[in-house]
2 protein chains.
Amino acid sequence: MASALAIGERGRGRSTPNPNVGCVIVREGCVVGRGWTQPGGRPHAEAMALEQAGAEVRGSTLYATLEPCAHDSARGPACADLIAAAKPARVVIALSDPDVRTRGRGIERLRAAGIEVLEGVCAAEAGRSMAGWLSRIERGRPYVTLKLATSLDGRIALPDGSSRWITGDAARAHAHLERARCDGILVGRGTWETDVPKLDVRLPGLEDRSSRRILLSSRHPGLVPGSTHPEALEREVRWTPEQARGDVWEVISGVEAIAALPDCNDLLIEGGAQTAASFLAADLVDRLLLYRAPILIGDGKAAIGDIGLTDLAAAHGRWTLIDTRMLGSDRLEVYERARS
Amino acid sequence: MASALAIGERGRGRSTPNPNVGCVIVREGCVVGRGWTQPGGRPHAEAMALEQAGAEVRGSTLYATLEPCAHDSARGPACADLIAAAKPARVVIALSDPDVRTRGRGIERLRAAGIEVLEGVCAAEAGRSMAGWLSRIERGRPYVTLKLATSLDGRIALPDGSSRWITGDAARAHAHLERARCDGILVGRGTWETDVPKLDVRLPGLEDRSSRRILLSSRHPGLVPGSTHPEALEREVRWTPEQARGDVWEVISGVEAIAALPDCNDLLIEGGAQTAASFLAADLVDRLLLYRAPILIGDGKAAIGDIGLTDLAAAHGRWTLIDTRMLGSDRLEVYERARS
């Protein structure tokens, strides 16, 4: 299952509208098939693994990070039926599918075909890996990650705005990997106007993984929410043709509008302080990526603006550290929003 | 030697003007004597351990975290002579004594008495344990620790100043232990006026370890630098008699004046942001104790004021992480100033 989860990660940021499922088929101790949800959502992980394994599926154990789908669609047959026909001896599943079209019916079909089914193996890990898709299914909005790169004293720039560089190469490369894993990257108006950000993935071999760019702005009447505006950049923010070239941005006018973003499982918030504050104040941040350099800045730009906190006690109990590691001389801390 | 270093820690914050040395005497696998520098500096660790061991010293191995002193004083004979007379077979030393009155002469006397001497065992650890005393001998000023208790985004209080509580019980208890280990605690005028801080050690059994209180202020003409002012508190800052009762403060008018603080090996800076900035701007901070709670505050009071940084590159390479641990749900990070 660990192997299935690992290859399922390959679909992160590319599998929408479908979940980034991983599938591994093992027969007599040998891996005979592997699959993960392909870009755009098809083929499904199970279909890919079954095709690889061919006749070897019979009598094997199939590991899938999500319950196989039970609904036929114009894009292909239901995975539960494909598996039932291929006759593995056993299917091991991490998470059952919350999609109303499946929700237990995939497992029923497998059992009806005489296949042994084991559920709940590595369910927590699978929930984390497919958090974006689960969030969209269960809450109607993407899973939101807020990224901050700060000094030890929580600054993101000098008073004059210069921020190159606070963190080092390894931390910045990791942040680009996080970009590759999400479906959309959002910045606020201030960052958009000041930094002219590209938000692309600058990692060898992953350049094509650059995500949709989303702008949070209620101040530009020429930018209609929901639509893209490659040509409006010059007019609205006086970017030069050179700066605006090739840039396509989706515009939303308020943080609540992320609920309506189509095909976006994982959303990454990259800046700045007011945008971070808006998402935090609305309790719309699920995960915090905190890259910290071993430097002190003192007077400078704060990482987060006003989030409306008036009582320290209310700030506690919200964030749980789930991962920490060194990246060069910087430290990455990953916090998850504690949900009751 | 690890045992000698551990009991040497008992003298931290109390052994001035002498170093907090630890000494363990081992004979045939058994500890026959242990000593550490007593409050006020006498007896020395070696004298205490020798007295405990008595005749058992002969043929033993004596471990000392610092080279035994070679100078007689009105307060007692030289430890090197006491040891030579007691005739251990071997003496193991962590650090040689940088004090001009000893500097190698203690070791010479031991060797002249036919005792085998081994130097440099756990030297780095001993240097850290006696950093305060070494700083005073070598640089003429105390070893300075800056303590900060912040949120993940580097805030020390809400905009209205409320800071109770950012960190939890375990972190606050650890901070009180750090108070017990230093000789003096310094705050700036703003913290002094606003918080009426006691700066005492509120740990069971360590209440008597409360340190001298030092105020950094150039703004109170009624407070003469260097002297103590129990009675001036009411007049100068309008503390009530209740608030001022029993309070003795030493006043310095600038950060450079810490060089002249008598009998102060370890100095702890506790607040606030401008005071922290003054010490950092003068490059007078040797160690950073960073207690971080897993909360976000957003708009609020920053941990550190203007330190005069104009170039991010200049901020790098100054701080090295030497320890990190969880204290309840908070994380402590300890950084040391990298000195070339």
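How many residues does the contact take from chain B and from chain A? The contact takes 38 residues from chain B and 38 residues from chain A. The model is predicted.

Chain B superposes on chain A after a rotation of 180°, with 0.0 Å of shift along the axis and an RMSD of 0.0 Å. The two copies are therefore related as by a two-fold rotation axis. In chain B, the residue that comes closest to this axis is B:Gly154, with its C-alpha at 2.1 Å. Both copies use the same surface: 100% of the contact residues of chain B recur in chain A.

The interface was then described by area. About 3200 Å² is buried between chain B and chain A. Carbon and sulfur atoms account for 64% of that area. Three leucines, B:Leu152, B:Leu296 and B:Leu312, supply 21% of what chain B buries against chain A. No other three residues supply more.

Polar terms were counted next. Four salt bridges cross the interface of chain B and chain A. One salt bridge joins the side chains of B:Glu333 and A:Arg331, at 3.9 Å from N to O. Eight residue pairs are in polar contact between the two chains, both residues being at pLDDT 80 or more. On the side of chain B that touches chain A, strands β12 (287-292), β14 (319-327) and β15 (330-337) each supply at least two residues. β14(B) gives the most, with four residues. By residue class, that side of chain B divides into 21 nonpolar, eight polar and nine charged residues.

Over all chains, the count comes to 45 salt bridges. Several were examined individually. In chain B, B:Asp286 pairs with B:Arg139, with the closest N and O atoms 3.0 Å apart. B:Asp286 lies in the loop between α11 (273-281) and β12, and B:Arg139 lies in helix α6 (residues 131-139), so the salt bridge ties together parts 147 residues apart in sequence. B:Asp286 is buried, at 3% relative accessible area. B:Arg139 is partly exposed, at 38%.

A second salt bridge of chain B joins B:Lys147 to B:Glu270, with the closest N and O atoms 3.5 Å apart. B:Lys147 belongs to strand β6 (residues 143-150) and B:Glu270 to strand β11 (residues 266-271), so this pair ties together parts 123 residues apart in sequence. Here B:Lys147 counts as buried, at 17% relative accessibility. B:Glu270 is buried too, with a relative accessible area of 16%.

In chain A, A:Arg181 forms a salt bridge with A:Glu178, the closest N and O atoms being 3.2 Å apart. A:Arg181 is partly exposed, at 27% relative accessible area. A:Glu178 counts as buried, at 6% relative accessibility. Elsewhere, A:Glu9, A:Arg12 and A:Asp266 are linked in a network of salt bridges.

Helix α2 of chain B (residues 45-53) was examined for burial. Its buried residues are B:Ala45, B:Glu46, B:Met48, B:Ala49, B:Leu50 and B:Ala53. An α-helix has 3.6 residues a turn, so residues three or four places apart point the same way. The cover over the buried residues of α2(B) includes strands β1 (22-27), β2 (30-36) and β3 (61-66) and helix α3 (79-86), of chain B. Just after α2(B), B:Gly54 takes a positive phi of about 55°.

Conventions. Residues numbered from 1 in each chain as written. Chains lettered and ligands numbered in written order. Predicted model: local features only at pLDDT ≥ 70, side-chain atom pairs only at ≥ 80, totals over all residues. Heavy atoms only, no water. Buried < 20%, exposed > 50% of the residue type's maximum accessible area, 1.4 Å probe, protein only. Contact = heavy atoms within 4.5 Å. Least-squares fit on C-alpha atoms with pLDDT ≥ 70 in both. Buried area = accessible area lost by both parts, 1.4 Å probe. Polar contact = N/O pair within 3.5 Å; in protein donor to acceptor, adjacent residues only side chain to side chain. Nonpolar A, V, L, I, M, F, W, Y, C, P; charged D, E, K, R; others polar.
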